[in-house]
Structures are given as C-alpha cells and as structure tokens.
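Colleague: Can you walk me through a few spots in this model? I'd like to start with the ligands and then look at some side chains.

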Amino acid sequence: MRYFRLNPECHLSAGSLGAALYDILGRRIFLLDKRTHDLLRGCETAGAPADHLQRPEARRFLGLLVRLGLGGYHPEGTYVDKLLAGSPLEAFESLGPPPSYTVAAWTITDRCDHHCSFCPVAPGVASLQACRTCVRRGGTAVPPASLGNPSDFLRQLAALGIRRLQIRGGNPLLEWERLIEVLGAAAAYPRLRVGITCPGTGRSVAEIRGLYDFGNVQVDVVLHGFRERRDRYVPQPGDVFLAQCMLLDALRQAGLSFSVTVMVSDEAVADTQFALRWIMRRWGAIPCFAEIRQLPQDGPFRLMSRDGGRRPLHMWRDVDDFFHRLRHRACLDGGFEIATDGSLHPCAGIDAECGRVVGGDLGHALRNDRLYDFWKASKDRTGSCRECPLGPVCFDCLSADLFAAKDARMSAAYCPVMSGADLHGTPECLEHEGFLYLLGIDRGLELCPA
Amino acid sequence: MSDGSDTPAPLFEGPGDPHPALHRVTVQFASNCGNEYLYDDVTGAILPWGALEEATLRRELRDSLSEAHRRALGTADSAEATACAAQIQRWLVHLHAFARPPHPALATPAACEMRSLVWANCSELVLIVTENCNLSCRYCTYASGSYYYHRGPTGRSMRPSQAVSAVEWFLEGVGQHVARNPRKRYGLSFYGGEPLLNIAVIKHVLEFAEAQVPGLFFPVLNTNGLLLTPENVEVLREHRVHVAVSIDGPQPEHDRLRVDHGLTGSYGRIEANLIRIKREHPNYWRECLVSLSVYDPLSDVAAISRFFDDGASAIPRSAFVNAVGSHNTNYYGRFQPKDYELLSRRLHALKAEYMRREIAGDRVGSYMRNLVAAPMMLLFLRSRIHDAKSPFLPYTGCCIPGLRMAVSPDGLVNMCERVNGTYPIGDLTNGGLNYEVIARLIREYQREVLCNCSLCPITRLCGMCFSASEVCGGVKPPSGYCAGAVREAGKNLADYVSLMESSPDAQERFRSQTANVATERWLFQS
Ligand code: SF4
Ligand code: SF4
Ligand code: SF4
C-alpha cells in the first residue's frame with residue numbers, strides 16, 4: 001500500500017483564518033479550504049489512510065497534487081524530512097554570528113514648532129509607519145537624556161555596523177547645535193548615511209542646505225497633509241506648507257537627495273491621490289504616505305493605504321528568504337530607535353522598551369534579548385496574524401498589525417483576512433503578482449484573480 | 001507508461017553543456033522497515049527515494065542507466081514520472097542538489113585575511129593552567145604513554161600574571177567584535193592536566209574577568225573531581241563555573257580506568273566530593289555540574305547507563321560519552337576480539353532499549369541518550385544548504401585554527417587543547433597569533449585532508465579535523481577513515497529515519513533535547 005505525502009519542499013500552514021500550502025521551490029501558494037487542509041494534514045501525520053482518502057474524489061484530488069509536483073505516493077510509514085535552509089536549532093544567540101544591525105533611529109528631541117492635531121499620538125489613534133514620520137510618541141516633551149559625547153556614541157553605532165542613522169524628533173532642526181555636533185561626528189564614518197526626519201522648518205533654507213556639506217546627509221521632509229483639494233494647488237504665504245515647499249524646491253534645484261513623507265490624517269485622507277500626483281510633478285519624488293487616524297466611534301472607516309480593501313502579498317526571493325520570513329519581521333529586522341529619554345525601542349512606532357542607554361553605553365542597552373525578540377516577531381506576534389496562513393508573504397508595519405489586532409474597526413479597514421474574510425471564498429481581497437491559487441477537493445485548481 | 005512527450009527534457013544537454021561534469025554526492029539507505037531514502041550532501045536534505053526517483057536523477061545527471069532503472073522509468077505511471085522529473089529538476093535548478101563539481105579550487109587563505117577571520121569568529125579561550133595531574137588514568141592521551149606524538153606531563157604551571165596577560169591579549173583581539181555584537185559571550189575554559197591543582201590562578205583569572213568584563217565569559221572547567229574541596233567549590237560557585245567531572249561509571253568501571261599514581265581507584269574520593277556539593281549547594285550541583293565519560297571494549301555500558309539513571313545519587317547527569325581515543329594509540333592493543341564482540345552486543349542492546357523507550361515516549365537516561373542517540377541528534381542538527389561554511393574549509397567538521405585558542409604555561413597557543421602541541425599557531429611571548437602559520441596549516445589541511453572531499457557524499461556529517469588527522473609532523477586522515485565514515489553515516493541515517501518513522505513526535509522531542517546538547521557541546525567542546 002502506498003500513501004500520499006507532500007514533498008519535502010512544501011510547507012503546510014494553517015490557523016483559524018484559513019490554510020495554505022507553500023511550494024517553496026516552485027514559488028506558488030495554494031489556499032486550501034478546511035476539508036482539503038484536513039485531508040493533507042491527515043496525509044502528513046497519519047500512519048494509515050483515513051477512510052475518506054479511499055473516496056474517489058480524494059484520490060482524484062491527490063492525483064492532481066502529484067501532477068502539480070506537490071507530493072507523491074510512498075510506502076507506508078515513510079518519513080518526509082522537510083526542506084530547511086539551516087539547521088533547525090538556531091545557535092544560542094550569544095554564540096552565533098553578530099546580529100546584522102542596519103539602521104538606527106535616534107530621536108534627539110521631543111520639541112517641535114508646530115501643533116499638529118494628531119501629535120503627540122493619543123491613545124486610540126492608529127499611526128502606521130511612524131518610523132517615517134516625526135510624530136511624537138505621546139506624553140509631554142522630556143529634556144533629552146545625555147547620551148554622552150556624540151562622537152563616542154557615533155563610534156558605537158558605526159562599530160555595530162549601522163549603515164543608516166535616522167535623526168528624528170519632534171523637529172530635530174530645533175536642536176541645531178546638537179544636530180551639527182552629531183553630523184560632524186557622523187562625518188568620520190563615510191559609509192554611514194544620515195537621514196534627518198523633520199518638518200523642514202525652524203531654520204532657513206540656506207542653513208538646511210548647509211547640512212549637506214557634512215556629506216552622506218539627506219533631509220526627509222514630513223508634510224503635514226494636504227488639507228485642500230484644488231486643481232491647481234497654490235501654497236499660501238505664511239503657511240507652513242509654503243516653507244516646506246520652498247525647502248523642497250531648493251533641494252530639488254540643487255540636485256540634493258531628499259524624501260517626502262505625507263502624513264495622512266483624518267482631515268487629509270481624501271487628498272492622497274491628488275497629493276501623489278502633485279508631489280511627483282513638482283519634485284519628481286514618490287512620497288511615502290504615513291497614516292495617522294483616529295478611529296471613529298461608529299460609521300465606516302477606510303484606510304487610504306488599503307484603498308480597495310485588498311491586502312498586498314509579496315513573493316519570497318529564494319529558499320533562504322522564505323525561511324527568513326517565517327522567523328523574522330521584515331520591517332524591524334536590523335533596526336532600533338533610541339528615544340529622547342535614552343530608552344531603546346524596536347522602532348519609533350512601538351512603545352515597548354527593550355533597554356536603556358545608560359552613561360552613553362549603547363552596548364549595555366543591546367545586551368538582552370528583547371529587541372531581537374521583536375526582530376524575530378514574525379506574524380506570530382499578533383493574535384490575528386498568528387491564525388493566518390499568509391504570514392510569509394504578508395509583511396507590513398508591525399505597529400499597525402498590533403493595533404489592528406486589538407481593534408475591530410481598524411482590523412476591518414486594515415486587513416480583510418484579519419477581519420474574517422473567507423480566504424477560500426473571497427480571494428479578491430488579496431493582491432498578488434500571479435502566484436496565488438485556490439486548491440480544493442471540490443474545486444480543483446484555480447488561479448486567484450491577481 | 002512514460003514517453004518522451006510528457007517527460008521534461010534532461011537538464012544537462014550533451015555537448016556544449018555549460019555545466020561541468022558533476023559528481024554525485026548522495027547516500028542511499030533504507031530504514032529498519034525497508035523504506036528507501038536518499039541523503040543529499042549538497043543540501044543536507046533527506047528525501048524518500050524509490051526506483052523511479054533514482055532512475056530519473058540518473059537520467060538528469062546523464063549517469064548510466066541499468067536495466068532496472070529503465071524498467072522503473074518505463075513502468076511508472078506517466079503523471080507520476082512527469083511530476084518526479086519536475087521535482088528533481090527543481091532541486092537541481094534551485095538548490096544545485098545531488099551533485100557538485102569535482103575538485104573545485106578551494107579559496108587560498110592568505111595570512112592578511114586571517115586576523116579578522118579568526119578574531120571575528122573565535123569563541124573560546126582555553127587556559128591550560130597546569131600540565132600536571134594527580135591521577136594517572138589508563139587511557140589518558142596525555143599521561144598514559146599510550147598515545148604517540150602527544151604532549152605529556154611537564155610539571156609546568158601557569159603563573160597568575162601569565163594567565164591574566166593571556167586574558168588581556170584575548171580581550172584586545174575580540175574587542176571590536178564585542179562592540180559589533182553586544183550579546184556575544186566567550187567560553188573561558190580551564191584545562192590541564194588537572195586544572196584544580198592550580199586553583200590560585202583560576203581564582204585570579206575569574207576575579208580579573210569579573211572586574212574587567214563582567215558577563216563576557218562563560219567559565220568552564222574540566223576536572224577529575226578529586227580536588228572539588230569545599231574551598232575550591234566556593235571559588236567555582238561564586239563565579240558560576242560550569243564543571244564537567246570525569247566519571248566513567250560505577251565504582252568498578254571507574255576505578256578500572258581512572259587510577260592515581262599508586263594505581264588506586266579514584267571513585268570513592270570523587271563521589272564523596274559530589275555528595276557534599278549536592279547536599280550543600282543543590283542548585284549549583286543541578287545547574288552547573290555534568291559528567292563526562294569514556295568507555296572501552298570492557299565497559300559494561302548497560303550497567304553504566306543504569307548507574308547514571310539513579311536519580312538519588314550525587315553523580316551529575318551525563319553530558320558526553322565518548323569511546324577512548326583510537327587515533328595514534330596502542331591503547332586498543334590490549335583487547336581481544338571477544339572484547340569487541342561483547343561491546344558490540346552491549347551497544348546493540350542498549351540502542352534497542354533506547355529506540356523502544358524513545359518510541360514509547362518513556363524516559364531516556366542521560367548516559368543512554370549521549371551514548372546511543374548522540375549521532376541521531378547530531379543528524380537532526382546537521383547543517384543545511386544555507387548554513388555558512390568557511391570557503392577555506394568547506395568540508396569536514398574542521399574549524400579555522402584560532403577559533404579556540406588554547407594557551408599553555410609556556411605561552412604557546414594551540415588551536416585546541418586536543419591537538420598534540422607540535423604545531424602551535426602562536427606564542428604569547430612573541431607576538432601572539434602567527435597568521436602565516438594559520439594560513440599555512442589551512443593550506444596543508446586542504447592539500448592532505450580535503451583533497452578528495454569534494455567527491456564525498458557525507459562532508460556535512462564528517463567529524464574529521466586537525467586533531468583527528470594528526471600524524472607525525474603533519475595531517476593525513478587515518479587510512480580507511482573515509483570509507484568507514486561513509487558506512488557509519490549510512491547506519492546513523494538509517495537509525496535516524498527509523499526513529500522518525502516510528503515516532504511522529506520524535507522530531508519535536510529532539511528539538512527540545514538537542515537545544516541542551518548543542519549548548520553543552522559548545523561549552524565543553526567535546
Ligand atoms: S495582516 Fe497579513 S498575516 Fe495578518 S491576518 Fe492579514 S493577511 Fe494575515
Ligand atoms: S513597525 Fe515597521 S513599518 Fe511600522 S513604524 Fe515600525 S518600523 Fe515602521
Ligand atoms: S569522510 Fe573523508 S572524504 Fe568525506 S568529508 Fe570526511 S575526510 Fe573528507
């Protein structure tokens with residue numbers, strides 16, 4: 001008697017939100033209905049075939065799987081050793097290779113010259129991709145903790161292998177002396193790029209342009225939103241937006257690198273398509289939209305970044321990447337944020353404290369497992385995503401995942417799967433590049449609309 | 001019936017083929033119940049493997065096909081044959097599985113690259129604090145006189161200042177890498193002879209390290225246990241030194257092998273020390289003490305296993321069990337064929353008992369697990385396709401010389417405490433590590449040991465290293481080693497899958513047990 005088993009390179013994943021079969025080498029994903037999943041799980045674990053396996057429809061279905069290269073028939077009891085990219089036990093951390101630190105955000109001040117309605121973030125407000133913004137974490141401004149001599153601190157960052165330092169606030173341009181000191185210290189490390197996330201105000205255009213003289217510096221301007229939709233948008237004299245436009249115009253003209261983030265607050269949500277076109281035309285840059293949204297008490301709620309309500313999925317690059325995604329959080333991996341008070345966080349959007357820089361000693365703050373637990377917090381960190389089979393192809397802002405998992409209004413707007421869409425029934429809610437299929441005993445094989 | 005139309009074209013297309021001739025590196029084996037498998041050394045994967053798979057792979061690799069292979073291809077259901085070919089092609093294309101180019105040129109190490117390579121990857125400082133011992137064990141590589149080319153007792157001991165300079169030198173070397181990896185910790189191992197003969201130096205070093213770099217080191221000590229006096233234990237406990245005590249079994253077994261210079265057994269004295277430690281410091285005893293054991297053809301391994309199973313005794317749980325070293329020795333000359341047969345029967349019975357217990361989910365004692373299940377656990381942990389291996393030493397279990405640094409009382413640095421001491425890689429009295437020498441040793445190992453490894457189907461499973469290949473004045477694998485290693489690997493693979501076949505949750509149990517094994521292997525480097 002021969003029994004059906006999935007191939008070693010197939011990975012079966014299931015939770016209460018649905019089930020999926022990954023063909024790791026073939027780079028395909030098959031969404032399974034419950035009955036189909038149960039059949040395959042049974043094939044994976046049971047020594048002998050269950051009755052239903054003998055049914056013609058099940059046998060026909062397994063024949064289809066054989067033809068798709070997903071499994072085959074083997075003698076009874078055959079052990080299928082699953083394909084792995086690495087030894088199943090990670091070396092215990094302190095013995096393994098160094099973590100690859102790539103980016104550090106350093107919030108050098110909580111001071112700001114604006115009074116945006118959404119800042120600091122209030123409880124119950126969803127802030128997506130806070131890492132790209134200057135939105136403050138909440139509470140009142142604390143005087144910055146001394147992290148010791150900046151050149152000593154920069155030396156530690158460089159020794160970790162950090163490639164990008166993102167200086168942020170509040171408005172870091174208000175801490176001008178300190179900023180200059182930090183940039184001066186950073187200039188000693190030519191491979192370290194420095195970004196300054198700021199509203200671009202509080203200093204003259206010439207002064208801000210002067211920051212580029214330190215080399216490897218880029219100003220990342222956060223626009224506080226487009227509040228008015230007009231066919232021809234004309235910045236008004238005296239408004240903050242005008243000052244920001246003048247800065248960006250100057251940077252563009254001088255051929256200097258910069259980036260633009262647009263805060264999408266509740267007032268500005270309708271203007272995003274307009275803003276995208278306007279910014280592209282004026283500065284030749286594709287802006288990042290960072291939403292900051294107060295959830296309504298009642299009534300419908302829609303996230304701009306989920307226009308059409310579809311959840312974007314991304315194919316893995318290779319075997320290594322697939323296994324990496326099973327275990328790591330793409331957006332956090334390699335980064336951390338040092339807040340104004342010296343506390344260490346996975347990113348500016350996450351409140352959890354992972355350590356504290358004491359006496360300027362960054363190593364001390366990094367010498368525990370908490371930060372790395374976040375890096376490894378694959379989708380299993382959030383209750384809903386833990387139950388979802390799409391983790392390895394769905395990566396997004398963890399702080400948004402966490403928020404969405406806690407609040408039904410947000411989850412409905414953020415992820416249709418999280419809010420209960422039947423993965424097998426309504427796959428239109430998933431956005432992909434043609435790698436997603438529906439597979440079932442009854443329905444056979446169908447390509448999901450891409 | 002398969003025909004050309006639904007069979008994908010072979011990957012390697014005859015003349016003009018861009019792929020050089022590849023050499024197949026796989027091991028076919030069967031589990032106890034007769035299911036067939038293939039171990040692939042390129043990926044480290046194990047695949048169910050039948051006649052159709054074998055014939056298909058041969059066709060893809062353009063190997064010769066026997067009549068049986070043709071039959072397998074001819075009689076297979078066409079859908080199955082197509083799917084099988086597609087699967088094998090995917091493994092060939094995406095993972096370059098099953099075969100590799102023979103004799104690729106290995107990366108040539110240059111002295112200038114060695115400095116950063118060694119310090120970035122080194123894991124342990126071993127201080128040989130004395131070359132004296134208060135026992136005279138019959139199998140000791142060091143004092144028994146049974147091992148050729150091996151360093152022997154010299155009576156030398158390290159001075160406190162020497163030991164501290166060695167630690168300072170090590171800290172200087174690893175400094176920038178600690179900055180790169182704030183969680184990094186290093187082993188600090190006290191070795192001998194019998195290291196507790198020089199407790200003054202151990203204490204001095206521990207206090208120095210604690211004051212200078214608190215928490216950076218995992219201190220470890222290998223001892224025969226005679227000097228685990230209350231005062232010495234106090235020092236070890238205060239610094240949470242992990243201690244491995246050599247205990248070969250119950251008194252008769254232990255005293256047969258581990259005797260003092262007057263040929264008196266040492267068991268009673270060691271046990272008394274352990275009883276006291278367990279009584280006075282039960283947590284330290286439980287968390288930081290383990291036993292190391294060796295056996296020879298006369299060892300009653302079943303009795304020893306029962307001895308370690310006795311939960312009431314003060315003997316720490318077993319962490320390692322090894323056979324008495326068999327390389328460059330006349331130790332085994334004293335045994336008769338019947339001794340080997342007896343050992344083989346005993347091992348066989350113990351393995352059967354282990355399998356029975358593991359499958360039934362019954363408790364398995366620490367000695368039994370280490371003696372019979374260690375090869376299976378190591379298979380579970382085996383390296384896979386993306387586990388990095390140095391391009392200089394891509395095959396065998398050999399590490400780059402310098403990843404452990406064993407400093408002896410005369411200031412010479414050896415690549416570990418097991419090598420015979422005739423090819424040090426540095427001298428602390430004369431400039432520290434010698435990167436020229438390290439590069440030269442790697443080249444010699446490449447030339448003498450790795451010369452045929454690219455053709456070998458078990459390079460990921462092979463335990464060969466410098467110490468295992470030492471000959472007078474150089475390295476060379478013992479004759480017959482490779483054939484034996486491949487045979488042994490085949491047996492271990494068969495045991496491993498047999499266990500996995502019969503116990504679906506063995507995989508999960510292995511996962512939790514091997515975490516310990518991996519840590520302790522690293523700590524005590526056995
Ligand atoms: S966010 Fe992604 S992982 Fe989480 S439930 Fe939605 S689709 Fe699944
Ligand atoms: S969780 Fe990720 S995407 Fe979200 S703010 Fe943090 S780093 Fe950015
Ligand atoms: S068994 Fe021999 S040929 Fe194979 S890897 Fe080991 S030393 Fe090389």
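Modeller: What follows covers two ligand shells, one glycine and some aromatic rings, and the model is a predicted one.

Colleague: Fine. Which residues surround ligand 1?

Modeller: Four cysteines are listed first here: A:Cys385, A:Cys388, A:Cys394 and A:Cys415. A:Arg311, A:Lys379, A:Val417 and A:Met418 are also in the shell.

Colleague: And how does that shell split by class?

Modeller: Six residues around ligand 1 are nonpolar, two are charged and none is polar.

Colleague: Which residues are around ligand 3?

Modeller: That shell comes from chain B, with B:Cys453, B:Cys456, B:Cys462 and B:Cys482 among its members. The others are B:Thr396, B:Ile458, B:Thr459, B:Met464, B:Tyr481 and B:Ala485.

Colleague: What are the classes there, around ligand 3?

Modeller: Eight nonpolar and two polar residues, with no charged ones.

Colleague: Changing topic. Where is A:Gly355 found?

Modeller: In strand S16 of chain A, which covers residues 355-356.

Colleague: Is A:Gly355 buried or exposed?

Modeller: Its relative accessible area is 9%, so A:Gly355 counts as buried; the cut-off for that is under 20%.

Colleague: What does A:Gly355 touch?

Modeller: Leaving out residues up to four places away in sequence, A:Gly355 touches A:Gly342, A:Ser343, A:Leu344, A:Ala365 and A:Asn368. There is also a C-alpha separation of 6.6 Å between A:Gly355 and A:Leu366, which are 11 residues apart along the chain.

Colleague: On to rings. How many aromatic pairs are there over all chains?

Modeller: The count is 31. One of the pairs is A:Tyr372 with A:Trp375, at 5.3 Å centre to centre and with 80 degrees between the planes.

Colleague: Why is that pair of A:Tyr372 and A:Trp375 called edge-to-face?

Modeller: Because the angle between the planes of A:Tyr372 and A:Trp375 is 80 degrees, and planes over 60 degrees apart count as edge-to-face.

Colleague: Where do A:Tyr372 and A:Trp375 lie?

Modeller: Both are in helix H10 of chain A, residues 370-375, and they are three residues apart, about one turn of the helix. A:Tyr372 is buried at 3% relative accessibility, and A:Trp375 is buried at 5%.

Colleague: What about chain B, which residues form an aromatic cluster?

Modeller: B:Trp119, B:Trp169, B:Phe170, B:Tyr186 and B:Phe217 form one cluster.

Colleague: Last one. Which ring does the charged end of B:Arg185 sit over?

Modeller: The ring of B:Phe218, 3.9 Å from its centre. Similarly, B:Lys278 has its charged end over the ring of B:Trp285, 4.7 Å from the centre.

Notes:
Residues are numbered from 1 along each chain as its sequence is written. Chains are lettered from A and ligands numbered from 1 in the order in which they are written. This is a predicted model: local features need pLDDT of at least 70, side-chain atom pairs count only at pLDDT 80 or more; totals for chains, interfaces and linings use all residues. Side-chain values use heavy atoms; hydrogens and water are left out. A residue is near a molecule or strand if one of its heavy atoms lies within 4 Å of it. Ala, Val, Leu, Ile, Met, Phe, Trp, Tyr, Cys and Pro count as nonpolar, Asp, Glu, Lys and Arg as charged, and the others, Gly among them, as polar. Helices (H or I, at least four residues) and strands (E, at least two) are DSSP runs, numbered from the N terminus. Buried means under 20% relative accessible area, exposed over 50%, partly exposed in between (1.4 Å probe, protein chains only). Contact means heavy atoms within 4.5 Å. Rings of Phe, Tyr and Trp (its six-membered ring) pair if their centres lie within 6.5 Å; planes under 30 degrees apart count as stacked, over 60 as edge-to-face and the rest as tilted. A charge sits over a ring if NZ of Lys or CZ of Arg is within 6 Å of the ring centre and within 35 degrees of the ring normal.
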